[in-house]
Amino acid sequence: MRPICNYRCADCFSGMGTGTRQLDGALSWDETRRILDCAHDLGVLSVEISGEGEPLMDRTRLEQIIQHNNDLGMLTTIFTNGSLLDENFLTLCVDNNVSIAISLDYLNQEGYEQDVCRRGSFDVLMRNVELARDILGGYQISDNGSAVYRLAIHSIVGGRNLDEISRISDFCGGEVGAEILHSVAPIANVGNAVAHPELTIVSEEMVNDVVDEFSRGDLILCDSAVDECGSDRCATFYYGLGIRHNGDVLFDAHAYETAGAIGNLRDSDVNFDLGVLARRQRELVGLFYRDFGAGFCPLRHSNYADFVRYLNGSRDD
Ligand SMILES: C[S@@+](CC[C@H](N)C(=O)[O-])C[C@H]1O[C@@H](n2cnc3c(N)ncnc32)[C@H](O)[C@@H]1O
Ligand code: SF4
């Protein structure tokens, strides 16, 4: 999706509002469809749109992607700030096997609007969350006994909102069995967060305690990694391939500093073959875990900046 947003969150991964995002070179619909078709041919089951911006700002393209994924039998998950949700879009989600994660880090008007930098946004969000709860809320029990949700609230914990998370958890309905899955993750010190030390200079232990206590579902973590490599890993990173609006492939979703190190789908030696780029990305994943560190998320790892320097240095050589 194109990197455009109607908010300017203090912690934004994607650096929205800093004027650093290039809008040009966006993939056409034909190119996007080609990528989705290739993903399907490679056995991809699920497409996550976690946004370099707000996905609903580019609604025509978003709806094209949702419908095409569903035609191919792939699931779609969308992260959204929730401001532009409406009944038509939520019904389209029901009809096309889409799950939604709405971002919410503060359950009070002042804290929320200060964070997203938009006056009047809290009431709009509360109205839209209730609409989403009516249309997408609840869960089904799958064949393996897991509860499958269509609607989540995703909260990022940092230095300013440690006390908000229990209230958001109650708002979702508390324990497993609630209408909204509450997923909680620690803040990463990248993007806009770098200029906001009040968000990131916080005891890691306190943040992890809040995550452990209140995160009701592993929207981010995949259990399968524990058997395979002995620890939790981010599922987006472990199984996924991050693709930007212009076809650049990233080391991980939101790892914009790594753009160019792996390649672009339009490169003549790639020609939209996702498999080629996925293999290059997997080699770098191996190198990251071997030489730079462990942990569930590379962007949250203290050696991430060193890894980026290494990547960019090896490209210059
Ligand atoms: C970058 S946003 C894009 C999608 C949409 N605009 C939204 O806000 O949900 C995707 C997710 O990243 C989270 N996020 C943003 N900045 C972050 C940071 N510095 N650390 C961890 N998560 C962050 C947001 O809260 C959101 O849930
Ligand atoms: S976190 Fe999402 S809503 Fe907030 S500025 Fe970034 S892209 Fe926009």
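**Notebook: loops, strand β6, helix α4, domains and ligand 2**

I began with Phe272, which sits in the loop between β11 (249-250) and α11 (274-291). The model is a predicted one, and I read every entry below with that in mind. I looked up the backbone of Phe272 and found a positive phi of about 65°, although the residue is not a glycine. I then checked its surroundings: Phe272 counts as partly exposed, because it has 16 C-beta neighbours inside 10 Å, and a residue needs 20 or more to be buried.

*Entry on Asn97.* I turned to another residue with positive phi. Asn97 lies in the loop between α3 (87-95) and β3 (98-103). Its phi is near 60°, again a positive value in a residue other than glycine. I counted 15 other C-beta atoms within 10 Å of Asn97, so this residue is partly exposed.

*Entry on β6.* From the loop I moved to the strands. How many of the residues of strand β6 are buried? I found that 7 of the 7 residues of β6 (residues 151-157) are buried, and the strand is therefore largely enclosed by the rest of the structure. I next sorted the side chains by direction. Leu151, Ile153, Ser155 and Val157 point one way from β6. Ala152, His154 and Ile156 point the other way, and the residues of both sets are buried.

I also recorded the pairing of β6. Strand β3 runs parallel to β6 and is joined to it by 4 bridges; as one of the pairs, Ala101 has Ala152 as its bridge partner in β6. Strands β6 and β7 also run parallel, with 6 bridges between them. Here I noted Ala185 in β7 as the bridge partner of Ile156.

*Entry on α4.* Which residues of helix α4 are buried? For this helix (residues 109-116) I listed Tyr112, Asp115 and Val116. These three lie on the same side of α4, because they cover an arc of only 85° around the axis. I looked for what covers them, and the cover includes α5 (121-136). Just after the helix I found Cys117, which has a positive phi near 60°.

*Entry on the domains.* The domain assignment divides the chain into domain 1 (1-219) and domain 2 (220-317). I noted a separation of 21 Å between the C-alpha centres of the two domains. To the contact, domain 1 contributes 23 residues and domain 2 contributes 21 residues. On the side of domain 1 that touches domain 2, α1 (29-41) and β7 (181-186) each supply at least two residues. Helix α1 gives the most to this side, with 4 residues. I sorted this side of domain 1 by class and obtained 14 nonpolar, 4 polar and 5 charged residues. Strand β7 thus appears twice in my notes, as a partner of β6 and as a supplier to the domain contact.

*Entry on ligand 2.* Last, I looked up the shell of ligand 2. The ligand is surrounded by Cys5, Tyr7, Arg8, Cys9, Cys12, Ser14, Met16, Gly51, Gly53, Glu54, Asn81 and Val116. By class, I recorded 6 nonpolar, 4 polar and 2 charged residues in this shell. One member links back to an earlier entry: Val116 belongs to the shell of ligand 2 and is also among the buried residues of α4.

Definitions and conventions. Residues numbered from 1 in each chain as written. Chains lettered and ligands numbered in written order. Predicted model: local features only at pLDDT ≥ 70, side-chain atom pairs only at ≥ 80, totals over all residues. Near = placed C-beta within 6 Å. Nonpolar A, V, L, I, M, F, W, Y, C, P; charged D, E, K, R; others polar. Buried ≥ 20, exposed ≤ 12 C-beta atoms within 10 Å, placed from the backbone. Arc of directions from axis to C-beta. Contact = placed C-beta atoms within 7 Å. Domains from an automatic or database assignment. Pairing = 2+ DSSP bridges.
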